[in-house]
Amino acid sequence: MLGFFKAKFNEGLAELSKFNDKETAEAVVAVMCGTSYADGELEETEKKKFIAGLSVNPILKQFDQSILIGKWSSLSSQFDFDTDIGLDACIKELDDVKRRGAPEEKRIAILRMGVASAKSDGEVEPAE
């Protein structure tokens, strides 16, 4: 079962590697942050995994790390203030991609990263 999730995650990475712009990077961070906070709280291990992923994930490595960390911090602080406000901010990032006319395959690749992130522990919680 875990092999299936890993395969889907790798499939999402391969698709996402076609897009290496700031807009895509911020959307990926938003979908990952939103998934991390889906249950109403960010566990320290989730934050550490995201930070570690910036330096080891072949897709995220291609982006300016300060932009990614800044976007995570901004979204995170909004979640800390209010879960709905944080969620709205993440959705806005995803809407920006759609509104700017991003190709459907780009939008799907971004969303797959969110799904893969939700499945990374082998199960999807109802809130995710």
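**Note on a predicted all-helix model**

1. One aromatic pair is counted in this predicted model, where rings of Phe, Tyr and Trp (its six-membered ring) pair if their centres lie within 6.5 Å. The pair consists of Tyr-37 and Phe-79 and is stacked, with 4.4 Å centre to centre and 5° between the planes. Planes under 30 degrees apart count as stacked, over 60 as edge-to-face and the rest as tilted.

2. The pair links distant parts of the chain: Tyr-37 sits in the loop between α2 and α3 (44-56), Phe-79 in helix α4 (residues 65-81), and the two are 42 residues apart. Tyr-37 and Phe-79 are both buried, meaning under 20% relative accessible area (exposed is over 50%, partly exposed in between; 1.4 Å probe, protein chains only).

3. On the basis of the numbering and the model: residues are numbered from 1 along each chain as its sequence is written, and side-chain values use heavy atoms, with hydrogens and water left out. Because the model is predicted, local features need pLDDT of at least 70 and side-chain atom pairs count only at pLDDT 80 or more, while totals for chains, interfaces and linings use all residues.

4. The protein has six helices and zero strands. Helices (H or I, at least four residues) and strands (E, at least two) are DSSP runs, numbered from the N terminus. Of the 128 residues, 38% count as buried.

5. Which residues does Lys-71 contact, leaving aside its neighbours within four places in sequence? They are Glu-26, Val-29 and Glu-93, contact being heavy atoms within 4.5 Å. Lys-71 is found in helix α4 and counts as buried because its relative accessibility is 15%.

6. The second largest pocket holds about 290 Å³ of space. A pocket is an open set of points on a 1 Å grid over the protein atoms alone, where a 1.4 Å probe fits, with protein on both sides within 12 Å along at least five of seven lines; lining residues have an atom within 4 Å of a point. The volume is the space filled by probe spheres set on the points, which are joined across faces, edges and corners.

7. The lining of the second largest pocket has 19 residues, and Val-31, Gly-34, Thr-35, Leu-87 and Glu-128 lie nearest the centre. Two or more lining residues come from each of α2 (22-36), α5 (83-99) and α6 (104-119); α5 gives the most, with five.
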